[in-house]
Amino acid sequence: MRILVADAFPEDSLTALTEAGDECRYLPETTPERLGESLRGCEVLVVRSTRVPAPVFAEADALRLVIRAGSGTNTIDRAAAGEHGVHVCNVPGRNSTAVAELAFALLLALDRNIADNVADLRAGRWDKRRYSRARGIHGRRVGVLGLGDIGLEFATRAAAFGTHVHAVDKPRRDPEVLERARSLGITFLPNTEELVSTCDVLSLHLPLTEETRGLVDHELLSRVRPGTILLNTARGELVDEDALIEAMETKGVRAGIDVFTHEPETATGTVESRLASHPNVYGTHHIGASTEQAQRAVAAEVVRMVEAFRNGTVLHCVNEDSLRSGRSTRTTAPTGGAS
């Protein structure tokens with residue numbers, strides 16, 4: 001098959017694809033505007049951060065599979081893909097450890113004012129009196145919103161540091177999730193409102209859906225305790241940024257944030273964000289999944305998914321509904337395999 005890899009990808013995983021007989025085009029600097037042209041003749045597209053808007057699917061004449069080398073697929077127009085008979089798949093769970101590590105690092109950094117410590121020392125300022133004040137993590141009540149792979153990894157780290165972990169009780173949870181939650185001593189509360197009013201650390205690990213968009217709004221933030229720490233390493237759109245800024249200024253809320261509503265589409269550039277520049281925010285550059293360990297784990301799964309597709313099996317498809325209702329006559333069966 002012809003494969004376009006349109007983002008950074010480990011060299012040994014590219015080699016694994018070519019050794020299996022695939023023809024790989026590696027264009028990590030491709031822009032969304034040039035993506036359709038670059039895809040001419042390609043059956044598989046692998047992306048990480050590159051957006052895949054609707055026009056790409058009309059222009060890509062042979063495309064049958066898009067793999068997002070990560071868990072979220074909000075950067076891909078899944079409905080348009082379905083209309084053109086293109087499977088959209090993600091790679092769930094493989095970057096969970098990396099994202100959880102960053103979320104917990106932000107929590108520790110906020111509690112001990114690490115970034116400000118470093119900035120003052122680099123500027124030649126010594127202020128032990130100021131930086132000796134810290135609440136500490138042990139014994140705090142931590143609310144985890146979203147007990148998927150990443151949320152559970154974060155909860156594991158929080159429990160290991162002696163916090164009391166809480167989550168929202170939901171019906172029909174997977175028994176394995178419940179068993180792991182019990183082993184971590186997670187306390188379940190009946191709803192999100194009670195969770196945020198009970199806990200003084202809140203960590204978001206939810207997918208972006210119509211139900212979760214803007215979840216952290218003025219109303220929810222009105223219930224949080226003064227001085228609460230909010231962590232968001234999931235999706236920027238989960239948070240009403242203006243509401244969060246107001247809560248930081250009126251209730252002393254602090255935030256560790258890796259994702260913002262409006263981010264540059266390129267790896268380097270400039271950013272204008274009231275939230276990112278607020279003194280109560282420790283922000284990072286959407287790097288949650290960007291460890292070598294995570295990228296190698298994701299890449300290995302991508303290789304496995306391509307091999308499965310070559311043999312007629314689609315793994316981790318997230319747009320089955322739009323595929324069923326799609327109007328395109330483009331074939332979705334991999335070359336040499338059954339659909």
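Where is R172 found? This predicted model places R172 in the loop between β7 (164–168) and α9, and the first legend below starts from there.

**View 1. R172, a loop residue with a positive phi.**
Welcome to the loop that joins β7 to α9, where R172 is found. The phi of R172 is near 60°, a positive value in a residue other than glycine. For background, most residues other than glycine have a negative phi. R172 has a relative accessible area of 78%, over the 50% cut-off, so R172 is exposed.

**View 2. H316, in the loop between α13 and α14.**
Here is another residue for anyone who likes to check backbone angles. H316 belongs to the loop that links α13 (292–310) with α14 (320–325). Its phi is also a positive value, near 60°, in a residue other than glycine. The relative accessibility of H316 is 27%, which lies between the 20% and 50% cut-offs, so this residue counts as partly exposed.

**View 3. Helices α8 and α9, side by side.**
Moving along the chain, we come to a helix pair. Helix α8 spans residues 149–160 and helix α9 spans residues 175–184; their axes are 10 Å apart and the packing angle is about 15°. Angles under 35 degrees count as roughly parallel, and therefore α8 and α9 are roughly parallel to each other. The crossing in which α8 passes α9 is left-handed. On the α8 side, the contact is made by L152, E153, A155, T156 and A159, while α9 contributes V177, R180 and L184. Sorted by class, this contact has five nonpolar, one polar and two charged residues.

**View 4. Helices α5 and α8, crossing at roughly 45°.**
Helix α8 has a further partner to look at, α5. The axes of α5 and α8 come within 8 Å. With a crossing angle of roughly 45°, α5 is oblique to α8. The crossing of α5 past α8 is right-handed. From α5 come S96, T97, V99, A100, E101, A103, F104 and L107, and these meet D149, I150, E153, F154, R157 and A158 of α8. By class, the contact of α5 with α8 has eight nonpolar, two polar and four charged residues.

**View 5. N113, a buried loop residue.**
What surrounds N113 once neighbours within four places in sequence are left aside? Its contacts are then Y131, R133, R254 and Y282. N113 sits in the loop between α5 (96–112) and α6 (114–122). Its relative accessibility is 13%, below the 20% cut-off, so N113 counts as buried.

**View 6. The largest nonpolar core, with L275 among its most connected residues.**
In soluble globular proteins, nonpolar side chains tend to be buried together. The largest nonpolar core in this model has 29 residues, and L244, M248 and L275 have the most contacts inside it. At least two residues of this core come from each of α10 (192–198), β9 (201–204), α11 (218–221), α12 (241–251) and β11 (254–257). Helix α12 gives the largest share, five residues. Leaving aside neighbours within four places in sequence, L275 is in contact with E241, L244, I245, M248, I257, F260 and V281. Apart from this core lies another, of 26 residues, among them L102, V144, I186 and V201.

**View 7. L231, a buried residue of strand β10.**
Strand β10 covers residues 229–232 and holds L231. Is L231 buried or exposed? At 0% relative accessibility, L231 counts as buried. Beyond neighbours within four places in sequence, its contacts are A103, L106, L107, L110, F154, V201, L202, S203, L204 and G256. L231 and V144 are 87 residues apart in sequence, and their C-alpha atoms are 9.6 Å apart in space.

**View 8. V302, a buried residue of helix α13.**
To finish, take a look at V302, which lies in helix α13. Its relative accessible area is 0%, so V302 is buried. Leaving aside neighbours within four places in sequence, V302 is in contact with F9, V46, I67, A69 and V91. The C-alpha atoms of V302 and C89 are 9.8 Å apart in space, with the two residues 213 residues apart in sequence.

Notes:
Residues numbered from 1 in each chain as written. Predicted model: local features only at pLDDT ≥ 70, side-chain atom pairs only at ≥ 80, totals over all residues. Heavy atoms only, no water. Helix = DSSP H or I, 4+ residues; strand = E, 2+ residues; numbered from the N terminus. Buried < 20%, exposed > 50% of the residue type's maximum accessible area, 1.4 Å probe, protein only. Contact = heavy atoms within 4.5 Å. Axes fitted to C-alpha atoms, helices over the stretch in contact; angles between N-to-C directions. Parallel < 35°, antiparallel > 145°, perpendicular 65-115°, else oblique. Left-handed = near helix turned anticlockwise from the far one by under 90°. Nonpolar A, V, L, I, M, F, W, Y, C, P; charged D, E, K, R; others polar. Core = buried A, V, L, I, M, F, W, Y, C linked by side-chain atoms within 4.5 Å.
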